[in-house]
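Reader: Hi! Could you walk me through this one while I have it open?
Author: Happy to, let's pull it up.

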Amino acid sequence: MKQFELANVKHWMSRHFTRRHVVILAVLWLAFTTWTFLIVSSGLDHAREQPWTVVTVTAASVLGPMTGAISRGFQGCCLQASLSLLPYCFAGLAVGSLTQVAWHPQAMWLRVFRLAIWASGIFVWFAGGILSFFHALS
């Protein structure tokens, strides 16, 4: 029974998400993770004495706008700033993801446009992490 369910999930995912989707996600994640590392390692107070904080925040870049709050140990004002970005970033991610599920155009230029929507949604999500640093590291 479990194998049947797993096969259905794989089939559903392969119908909506291709290797191109994975490559776009991986490239953007790697770029924003690198950028997060550079920002935190140079902008966080006493970063050299807190290597685990730098590592944790860098690994948490996947959490988008929450990285600013994580960098400051969820201080109230930093958490509030990150949470204020969350709805906008999540909306971008949701639009980008739902478009992939709901729309399967046949024309090549529309398929490229669909991938651009995916990339934009992922970009907005990860950019929220960079934006959250404007408050957290100020």
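Author: We can go through the core, one helix and the cysteines, keeping in mind that this is a predicted model.

Reader: Great. How many residues does the largest nonpolar core have, and which have the most contacts inside it?
Author: That core has 25 residues, and F32, V40, F126, F133 and L137 are those with the most contacts inside it.

Reader: Which helices supply at least two residues each?
Author: α2, α3, α4, α5 and α6 each do that for this core. The helix that gives the most is α6, with eight residues.

Reader: Let me zoom in on F32. What is F32 in contact with, leaving aside neighbours within four places in sequence?
Author: F32 is in contact with F123, F126, A127 and I130. F126 is also on the list of residues with the most contacts inside the core.

Reader: Nice. Switching to α3: which of its residues are buried?
Author: Helix α3 runs over residues 51-59, and its buried residues are V54, V57 and T58. They are on the same side of α3, because they cover an arc of only 100 degrees around the axis.

Reader: And what does the face turned away from the buried side carry?
Author: That face of α3 has the exposed residues W52 and A59.

Reader: What covers the buried residues of α3, then?
Author: The cover includes α2 (19-43), α4 (67-71) and α6 (108-136).

Reader: I'm also looking at T99. Where does T99 lie, and is T99 buried or exposed?
Author: T99 is in helix α5, residues 76-102. With a relative accessible area of 15%, T99 counts as buried, because the cut-off is under 20%.

Reader: What does T99 touch?
Author: Not counting residues up to four places away in sequence, T99 touches R114 and I117.

Reader: Last topic, since I need to set up the cysteines. How many disulfides are there?
Author: The count is zero disulfides. For C78, the nearest cysteine sulfur is that of C77, 4.1 Å away, and C78 is in no disulfide.

Reader: Why is C89 not bonded either?
Author: Its closest cysteine sulfur, in C78, is 16 Å from the sulfur of C89, so that is too far for a bond.

Reader: Are those two buried or exposed?
Author: C78 is buried, with a relative accessible area of 4%. C89 counts as buried too, at 5% relative accessibility.

Reader: Perfect, thanks for the tour!

How values were computed:
Residues are numbered from 1 along each chain as its sequence is written. This is a predicted model: local features need pLDDT of at least 70, side-chain atom pairs count only at pLDDT 80 or more; totals for chains, interfaces and linings use all residues. Side-chain values use heavy atoms; hydrogens and water are left out. Buried means under 20% relative accessible area, exposed over 50%, partly exposed in between (1.4 Å probe, protein chains only). Helices (H or I, at least four residues) and strands (E, at least two) are DSSP runs, numbered from the N terminus. The arc is that of the directions from the helix axis to the C-beta atoms. Contact means heavy atoms within 4.5 Å. A nonpolar core is a set of buried Ala, Val, Leu, Ile, Met, Phe, Trp, Tyr and Cys residues joined through side-chain atoms within 4.5 Å. A disulfide is a pair of cysteine sulfur atoms within 2.5 Å.
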